[in-house]
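Q: Please take a close look at the salt bridges here. I would like to know which side chains take part and where the partners sit along the chain.

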Amino acid sequence: MIMISASILASDLSKLGEEIKRVEQYIDMVHLDVMDGVFVPNITFGLPLVEAVKKCTNLPIDAHLMIVQPEKYVERFVEAGSSIVTVHYEACLHLHRTVYQIKDKGAQAYVALNPHTPVEMLSDILSDIDGVLIMTVNPGFSGQKFIRSTVEKIKKLSNTIKQKNLNVKIMVDGGINENTVKEVVYSGAQILVMGYGIFKYDPASFKKKLEEIQCS
């Protein structure tokens, strides 16, 4: 089953609780884009918002840390209520250590790859993680145009996971909409991070389209 992780960056944050309740029946988890203005050229939110979202919903919280030195904070994000914590390969000096900081706290550990980073860079850690987040745009801002070359990365990663018989999920983030969803799903994506497509448009219509794709 293909899952949807709704990015609250595209929601009306002035009424966040209402926004989450409005789309809750169409999504599987809530995605938080945590940006520090250093690793990416934008600043968003941190631990207090994870705690606030935890009070709004029983859905899993998926925290995507686009920050430098994430090892300083991953345990606190789990404690705040995150079920999945994603760190960037490009931001981690000691990736194995950071991954096991997350797992030892009881959360799932995902590793994100920027569009320019080859999937082969994860070959030595793929069996230790729960999922990979393929960035299909450059991280930092929502509403960007889908980078089509990332589709081959998704296919390559999916084939590697199958060949090694690993239980590793593939999440994709950036420019996912009615025009791009079929391509990424057929390439092997299992979790779709969506912001504008869920909060700004018609989530019921997209959910129906996704069900049709899975049945075809």
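**Salt bridges and their setting**

A: In this predicted model, Glu 152 and Lys 155 make a salt bridge whose closest N and O atoms are 3.4 Å apart. Both residues belong to helix H5 (residues 150-163), and because they are three residues apart, about one helical turn separates them. Lys 155 has a relative accessibility of 35%, so it counts as partly exposed. Side chains of opposite charge can pair when their charged atoms come close. With N to O distances within 4 Å as the criterion, the count of salt bridges is eight.

Another of these joins the side chains of Asp 28 and Lys 207, with an N to O distance of 3.9 Å. Asp 28 is in the loop between helix H1 (16-23) and strand E2 (29-35), while Lys 207 is in helix H8 (residues 203-215), so this salt bridge ties together parts that lie 179 residues apart in sequence. The cut-off for a buried residue is under 20% relative accessible area. Asp 28, at 19%, is therefore buried, and Lys 207, at 17%, counts as buried too.

Lys 103 and Asp 130 form a further salt bridge, with 3.3 Å between the closest N and O atoms. Lys 103 is part of helix H4 (residues 95-104), and Asp 130 is in the loop between strand E5 (108-113) and strand E6 (131-135), so parts 27 residues apart in sequence are tied together by the pair. The relative accessibility of Lys 103 is 27%, so this residue counts as partly exposed.

The strands around this last pair deserve a description as well. Strand E4 (residues 84-88) pairs with E5 in the parallel sense, over five bridges, and Val 85 stands opposite Ala 109 in E5. Between E4 and E5 the chain passes through H4, and the resulting β-α-β crossover is right-handed. The helix that holds Lys 103 is thus the one in this crossover. E5 also runs parallel to E6, joined to that strand by four bridges; here Ala 112 stands opposite Leu 133 in E6. E5 is mostly covered, with five of its six residues buried.

To recap the three pairs: Glu 152 and Lys 155 share helix H5, Asp 28 and Lys 207 are 179 residues apart in sequence, and Lys 103 in H4 meets Asp 130 in the loop between E5 and E6.

Conventions
Residues numbered from 1 in each chain as written. Predicted model: local features only at pLDDT ≥ 70, side-chain atom pairs only at ≥ 80, totals over all residues. Heavy atoms only, no water. Helix = DSSP H or I, 4+ residues; strand = E, 2+ residues; numbered from the N terminus. Buried < 20%, exposed > 50% of the residue type's maximum accessible area, 1.4 Å probe, protein only. Pairing = 2+ DSSP bridges. Right-handed = clockwise from strand over helix to strand, strands pointing away.
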